[in-house]
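This report describes how charged side chains, a nonpolar core and paired strands are arranged in one protein chain. Please keep the sequence and the model in view while reading.

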Amino acid sequence: MENLQHENVRFYNKKVEESLASFDETTITRFVTQLEMVSWGATPTQVPKELKHTVGPGAFELKRNGKPAKRCIYVIEEQ
(Lines give C-alpha, C1' and ligand atoms only; values in the text may rest on other atoms or scores of the structure.)
Protein backbone atom coordinates (compact mmCIF):
# COMPACT_ATOMS: atom_id res chain seq x y z
CA MET A 1 0.00 0.00 0.00
CA GLU A 2 3.03 2.23 -0.11
CA ASN A 3 1.97 3.56 -3.53
CA LEU A 4 -1.21 4.95 -1.92
CA GLN A 5 0.64 7.36 0.39
CA HIS A 6 0.25 10.87 -0.98
CA GLU A 7 0.42 14.21 0.78
CA ASN A 8 -2.93 15.60 -0.40
CA VAL A 9 -5.00 12.40 -0.55
CA ARG A 10 -6.51 11.02 2.65
CA PHE A 11 -8.66 7.93 3.00
CA TYR A 12 -11.91 7.94 4.99
CA ASN A 13 -10.72 4.92 6.95
CA LYS A 14 -8.35 1.95 6.70
CA LYS A 15 -11.02 -0.26 5.09
CA VAL A 16 -11.38 2.20 2.19
CA GLU A 17 -7.61 2.26 1.69
CA GLU A 18 -7.47 -1.55 1.76
CA SER A 19 -10.31 -1.74 -0.77
CA LEU A 20 -8.45 0.50 -3.23
CA ALA A 21 -5.24 -1.45 -2.62
CA SER A 22 -7.05 -4.62 -3.77
CA PHE A 23 -7.33 -3.19 -7.31
CA ASP A 24 -4.77 -4.02 -9.97
CA GLU A 25 -1.73 -1.73 -10.19
CA THR A 26 -2.95 0.03 -13.36
CA THR A 27 -6.29 0.94 -11.77
CA ILE A 28 -4.63 2.14 -8.55
CA THR A 29 -2.21 4.32 -10.51
CA ARG A 30 -5.01 5.83 -12.62
CA PHE A 31 -7.25 6.60 -9.64
CA VAL A 32 -4.46 8.01 -7.45
CA THR A 33 -3.14 10.14 -10.34
CA GLN A 34 -6.62 11.60 -10.87
CA LEU A 35 -7.01 12.27 -7.13
CA GLU A 36 -3.64 14.00 -7.01
CA MET A 37 -4.59 16.21 -9.96
CA VAL A 38 -7.78 17.24 -8.16
CA SER A 39 -5.84 17.95 -4.95
CA TRP A 40 -3.50 20.26 -6.90
CA GLY A 41 -6.46 22.14 -8.38
CA ALA A 42 -5.84 20.71 -11.85
CA THR A 43 -8.54 19.31 -14.09
CA PRO A 44 -8.36 15.50 -14.05
CA THR A 45 -7.90 13.79 -17.42
CA GLN A 46 -10.78 11.44 -16.58
CA VAL A 47 -14.07 13.31 -16.19
CA PRO A 48 -15.50 12.58 -12.73
CA LYS A 49 -19.23 12.10 -12.24
CA GLU A 50 -20.70 14.50 -9.68
CA LEU A 51 -22.70 12.73 -6.96
CA LYS A 52 -24.17 15.71 -5.10
CA HIS A 53 -27.74 14.41 -5.41
CA THR A 54 -27.02 10.81 -4.38
CA VAL A 55 -24.08 11.05 -1.96
CA GLY A 56 -23.82 14.74 -1.11
CA PRO A 57 -22.12 18.00 -2.02
CA GLY A 58 -18.46 17.68 -3.00
CA ALA A 59 -18.77 13.93 -3.80
CA PHE A 60 -17.52 12.59 -7.14
CA GLU A 61 -16.98 9.21 -8.76
CA LEU A 62 -14.15 7.98 -10.95
CA LYS A 63 -14.96 4.78 -12.83
CA ARG A 64 -12.91 2.31 -14.83
CA ASN A 65 -15.11 0.17 -17.05
CA GLY A 66 -14.50 -3.54 -17.27
CA LYS A 67 -15.72 -6.75 -15.74
CA PRO A 68 -16.01 -5.96 -12.97
CA ALA A 69 -16.08 -2.17 -13.23
CA LYS A 70 -13.99 -0.39 -10.60
CA ARG A 71 -15.15 2.76 -8.86
CA CYS A 72 -13.48 5.32 -6.65
CA ILE A 73 -15.75 7.79 -4.85
CA TYR A 74 -14.10 10.83 -3.34
CA VAL A 75 -15.14 13.96 -1.50
CA ILE A 76 -13.49 17.33 -1.88
CA GLU A 77 -13.03 19.02 1.48
CA GLU A 78 -12.64 22.76 1.72
CA GLN A 79 -9.64 23.85 3.78
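## Salt bridges, core and strands

Arg64 forms a salt bridge with Asp24, and the closest N and O atoms of the two lie 3.3 Å apart. This pair links distant parts of the chain, since Arg64 belongs to strand 2 (residues 59-64) and Asp24 to the loop between helix 1 and helix 2 (25-39), 40 residues apart. The model in which this pair is found is a predicted one. Arg64 is partly exposed, with a relative accessible area of 25%. Asp24 is likewise counted as partly exposed, at 32% relative accessibility.

How many salt bridges does the structure hold? There are three salt bridges in the structure. As a general principle, side chains of opposite charge can pair when their charged atoms come close. The table lists the pairs with the separation of their closest N and O atoms.

| Salt bridge | Closest N and O atoms |
|---|---|
| Arg64 and Asp24 | 3.3 Å |
| Glu17 and Lys14 | 3.6 Å |
| Glu61 and Arg71 | 2.9 Å |

The pair of Glu17 and Lys14 is found within one element: both residues lie in helix 1 (residues 14-21), three residues apart, which is about one turn of the helix. An α-helix has 3.6 residues a turn, so residues three or four places apart point the same way. Is Glu17 buried or exposed? With a relative accessible area of 8%, Glu17 is buried, because buried means under 20%.

The pair of Glu61 and Arg71 is a link between two strands. Glu61 forms a salt bridge with Arg71. The two residues connect distant parts of the chain, with Glu61 in strand 2 and Arg71 in strand 3 (residues 70-75), ten residues apart. Glu61 is buried, with a relative accessible area of 11%, whereas Arg71 is partly exposed, with a relative accessible area of 46%. The side chains of Glu61 and Arg71 also make a polar contact (2.9 Å). Apart from neighbours within four places in sequence, Glu61 is in contact with Pro48, Lys49, Leu51, Arg71, Cys72 and Ile73.

## The nonpolar core and helix 2

Attention now turns from charged pairs to nonpolar residues. The largest nonpolar core has eleven residues: Val9, Leu20, Phe23, Ile28, Phe31, Val32, Leu35, Phe60, Leu62, Cys72 and Tyr74. Helix 2, strand 2 and strand 3 are the elements that give two or more residues to this core. Which element gives the most to this core? Helix 2 does, with four residues.

Helix 2 has 15 residues, and the distance from its first C-alpha to its last is 21 Å, close to the 21 Å expected at 1.5 Å a residue. The buried residues in helix 2 are Thr27, Ile28, Phe31, Val32, Gln34, Leu35, Glu36 and Met37. These buried residues pack against helix 1, strand 2 and strand 3. Helix 2 is followed by Gly41, which has a positive phi, near 85°.

## The paired strands

Strand 2 is paired with two other strands. With strand 1 (residues 49-50), strand 2 runs antiparallel, and two bridges join them. Here the bridge partner of Glu50 is Phe60, in strand 2. With strand 3, strand 2 pairs in the antiparallel sense over six bridges. Among the bridge partners in strand 3 are Cys72, which is matched with Leu62, and Lys70, which is matched with Arg64.

Strand 2 and strand 3 form a hairpin with five residues between the strands, and in this hairpin Gly66 takes a positive phi near 155°.

How are the side chains arranged along strand 3? The side chains alternate: Lys70, Cys72 and Tyr74 point to one face and are buried, while Arg71, Ile73 and Val75 point to the other face and are not buried. Of the residues on the buried face, Cys72 and Tyr74 are listed in the largest nonpolar core. On the other face, Arg71 is the salt-bridge partner of Glu61.

Definitions and conventions
Residues are numbered from 1 along each chain as its sequence is written. This is a predicted model: local features need pLDDT of at least 70, side-chain atom pairs count only at pLDDT 80 or more; totals for chains, interfaces and linings use all residues. Side-chain values use heavy atoms; hydrogens and water are left out. A salt bridge is a side-chain nitrogen of Lys or Arg within 4 Å of a carboxyl oxygen of Asp or Glu. Buried means under 20% relative accessible area, exposed over 50%, partly exposed in between (1.4 Å probe, protein chains only). A nonpolar core is a set of buried Ala, Val, Leu, Ile, Met, Phe, Trp, Tyr and Cys residues joined through side-chain atoms within 4.5 Å. The expected span of a helix is 1.5 Å times one less than its number of residues. Contact means heavy atoms within 4.5 Å. Two strands pair if DSSP finds at least two bridges between them. A polar contact is a pair of N or O atoms within 3.5 Å; within protein, one must be able to donate a hydrogen and the other to accept it, and residues adjacent in sequence count only if both atoms are side-chain atoms.
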